Every structure is written in structure tokens, then in C-alpha cells.
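This report describes the architecture of a single protein chain for a reader at the bench. It begins with one pair of strands and moves outward from there.

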Amino acid sequence: MTAPANRLLDRLIARVENSDRFDRIADAAADLAAKPLAFRPLRNVLSGTAGGHPLHPAMVLAPMGSWLAASYLDVLGGKTDSANSVAAQRLIAAGLVTAAPAALTGASDWSYTTGAERRVGFAHAVGNWLAIGLYAGSWSARRQGHLTTGKYLAAGGAALLGVTGWLGGHLAYARGVGVDTTAFQVAPDEWTEVIGAGDGNSVVNIADLVLDQPTLVHADGVPVMVVLIGGADERQLLALADRCTHRGGPLHEGSYEDGCIVCPWHESRFRVSDGQVLTGPATRSQPTYEARARYGAVQVRRTGETGSLRTNPVH
Ligand code: FES
């Protein structure tokens, strides 16, 4: 039973991912959602930059929990003015109020997606808005004394949330939206000479580097961004993972400003000395590497311990 169900879901999600029918509407909606995110403090809050993880998954707990509890009470039953019915109506109202921050944080995350991820996210959002409409109708019906109608509408909303929750799970677990893109990447823990991006064979020398200019190199196949900073008498060689933890933007194509590298894709800002994320939408800091020059050749090695997920790394 498991395999056919799995195959059916795979086919359904593939249809959503490959259909460009609603792309124009989805792109217009994403552009609209992205506009307020030009304001950096708002972008940081909605992305969850300060907390180190995307905020949306935490924000959905309040409406989902409220509505799920209302469903339990509906199943337990009671007349219009019974304690169960009154509590269920209040829980549905609480869900409607707390759905607002959940929707805002989700729209923020979604605005940075493209292609198949944007399509699935759009279906997820449309389904959620329909569910919100059903719960709003349920609350209104209950207020007017139509408890049975209210229960049916809430049941429809709960069923729809099951579908949209599955789509949200697909985005996170199958498509990796919100996942640190360097989570499975690792650089060597021994000092390793780095190779240039050009012919893929030449060792990079410190003399090849231009002051304050981020440069792409490879250490055992892992893309690393190195940058030479400082004054004439005190130069410092720094290295970060080149792949932006947010959505994988190439940091060496970003700009180096005031000790920070700005991602060229969505303008997350990372301090090059320690990889710390200072401005979102990224929520995870960049992995850092120790860097030095030996006999002119640039070498790097991983800093810190290997995380448990990195024991079978992807290069
Ligand atoms: S890829 Fe989005 S900020 Fe770097």
C-alpha cells in the first residue's frame, strides 16, 4: 500500500512542479510579497535571521494548534452555547488572528524561491488562503447560531490544511527550502592547497589575489571564497564557504564592503572574519575556513568540528 500511495503523491507533485499555468500570477504575487522586504529590519524579522532558523515553521504552530483543538472540541460535540462550542469558536478566532504572522513569514520565504519551488509554494499559499476563508466562514456561521454549518466548514478547512501541510513538507524536506545549503558540504580538515576556478588545475598563489576582491577557489572540490584584506603592512587572508547558506548564491560574485561580503542573489550580508550573518534573508552563518599562504600558495582547512550530518559530505 505504501509504494502506490507514494507513487501517486510523486505524480501529483510532479504535475504541480512542472505546470507553468499559474506562473504569471505566482510571479506577480511574489514580486508584491518581495516589495516590503527591501526594508532590511523587516526582512530580518520575517526571515528569522536573529533566531538562526526560518521563522515560518514556528509561526504556523499557533493557527494550526488552535484550529486542531477546535476540531477536537467539534468532535466531542455539544449544543451551540455549550462550553465545547464556545471554546471551539474562540479557538477558531485565535487561529484566524495568528494566521497573519504565519502568512507573512511564509510569503517572505516564498518570495525568494524560483521555478518548481515557487509553483509548489504558490499552491501551498492558495490552499492556505482557502482554508483561512473556510475557518472565517465557520466562525461567522457559529456566531449566527449555525453550529452544524460551522463544523462542516471547519472540517473542510482542516482537510485542506492537511494537503497544504504536505506541500509545505515537500518544500522543506524534498526541495530543501529553508535548509542551510552548506549543511552537507565539508572542506578538508588538513591544510590543503587551493585550486583556481579557471582551468581547474592551477594552484592559487597569494600573489594572484587582488586586495578586497573575493575570489573563488576550490579545496578538495569544495568551492571556497577567499579574500585578502587589510593595509599594506598588515594583510589578512580570510576564507568562507562560497555557497551562500540561504539559497546557494555564489558569494565570490558578491561585493566586499566594510569587512562583509554581500550575497549577489538576495543581499544577505556576512562578516568575513567569522562568517556571522548580519542581514537576512539568510538565517545561518557562513562556514569559515582557516587560510594561510605557504611558499606563496594559498592553503585552507576547515575550522571547528564536523557536524554529524557531514560525515558523508557532498562535494
Ligand atoms: S542566496 Fe539568498 S542571500 Fe544568498
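## The hairpins around β4

In this predicted model, strands β4 and β5 run antiparallel and are joined by 8 bridges. The two strands form a hairpin with 2 residues between them, and Gly231 has Glu234 as its bridge partner in β5. Elsewhere along this pairing, Met225 stands opposite Leu240 in β5.

β4 is also bridged to β3, again in an antiparallel arrangement, and here the number of bridges is 5. These two strands likewise make a hairpin with 2 residues between them, and in its turn Asp220 has a positive phi of about 50°. Ala219 stands opposite Val222 in β4, while His218 has Pro223 as its bridge partner in that strand.

## β3 and its two faces

In a regular strand, side chains alternate between the two faces of the sheet. Which residues of β3 lie on the covered face, and which on the uncovered one? Thr215, Val217 and Ala219 make up the covered face, whereas Leu216 and His218 belong to the uncovered face.

β3 is further joined to strand β2, residues 195-196, through 2 bridges, and this pair too runs antiparallel. Within it, the bridge partner of Gly196 in β3 is Val217, a residue that also lies on the covered face of that strand.

## The sheet as a whole

Strands of a sheet pair through backbone hydrogen bonds, in either a parallel or an antiparallel manner. The hairpin strands belong to an open sheet of 7 strands, whose order is β1-β11-β10-β5-β4-β3-β2 and whose pairing is antiparallel. At its edges stand β1 (192-193) and β2, each of which pairs on one side only.

## Two nonpolar cores

The largest nonpolar core contains 29 residues, and those with the most contacts inside it are Val224, Met225, Val226, Ala239, Leu240 and Val300. At least two residues of this core are supplied by each of β3 (215-219), β4 (222-231), β5 (234-241), β7 (260-262), β10 (288-294) and β11 (297-302). Which strand gives the largest share of this core? The strand in question is β4, with 6 residues.

Met225 illustrates how this core is connected: leaving aside neighbours within four places in sequence, Met225 is in contact with Pro214, Thr215, Leu216, Ala239, Leu240, Asp242, Leu251, His252 and Ile261. Apart from this core lies another, of 20 residues, which includes Val60, Trp67, Leu91 and Trp139.

## Arg302 in β11

Arg302 is found in strand β11. Is this charged residue buried or exposed? Arg302 counts as buried because 23 C-beta neighbours lie inside 10 Å, where the cut-off for a buried residue is 20 or more.

Not counting residues up to four places away in sequence, Arg302 touches Val186, Ala187, Pro188, Asp189 and Tyr289. Gly231, by contrast, is 71 residues from Arg302 along the chain, and the C-alpha atoms of the two are separated by 26 Å.

## Domains and overall dimensions

The chain is divided into domain 1, covering residues 2-174, and domain 2, covering residues 192-311. Taken over C-alpha atoms, the centres of the two domains are separated by 38 Å. Their contact draws 10 residues from domain 1 and 9 residues from domain 2. On the side of domain 1 that touches domain 2, the residues divide into 2 nonpolar, 6 polar and 2 charged.

Over its full length the chain has 8 helices and 11 strands, and 38% of its 315 residues count as buried. The radius of gyration is 25 Å, whereas a compact globule of 315 residues would have one near 20 Å, and along its principal axes the C-alpha trace spans about 85 × 45 × 40 Å. Among contacts between residues at least 6 apart in sequence, 60% join residues that are at least 24 apart.

How values were computed. Residues are numbered from 1 along each chain as its sequence is written. This is a predicted model: local features need pLDDT of at least 70, side-chain atom pairs count only at pLDDT 80 or more; totals for chains, interfaces and linings use all residues. Domain bounds come from an automatic or database domain assignment. Two residues are in contact if their C-beta atoms, placed from the backbone, lie within 7 Å. Ala, Val, Leu, Ile, Met, Phe, Trp, Tyr, Cys and Pro count as nonpolar, Asp, Glu, Lys and Arg as charged, and the others, Gly among them, as polar. Helices (H or I, at least four residues) and strands (E, at least two) are DSSP runs, numbered from the N terminus. The radius of gyration is taken over C-alpha atoms; the globule rule is 2.2 Å times the number of residues to the power 0.38. A residue is buried if 20 or more other C-beta atoms lie within 10 Å of its own, exposed if 12 or fewer, and partly exposed in between; C-beta atoms are placed from the backbone. A nonpolar core is a set of buried Ala, Val, Leu, Ile, Met, Phe, Trp, Tyr and Cys residues joined through C-beta atoms within 7 Å. Two strands pair if DSSP finds at least two bridges between them.
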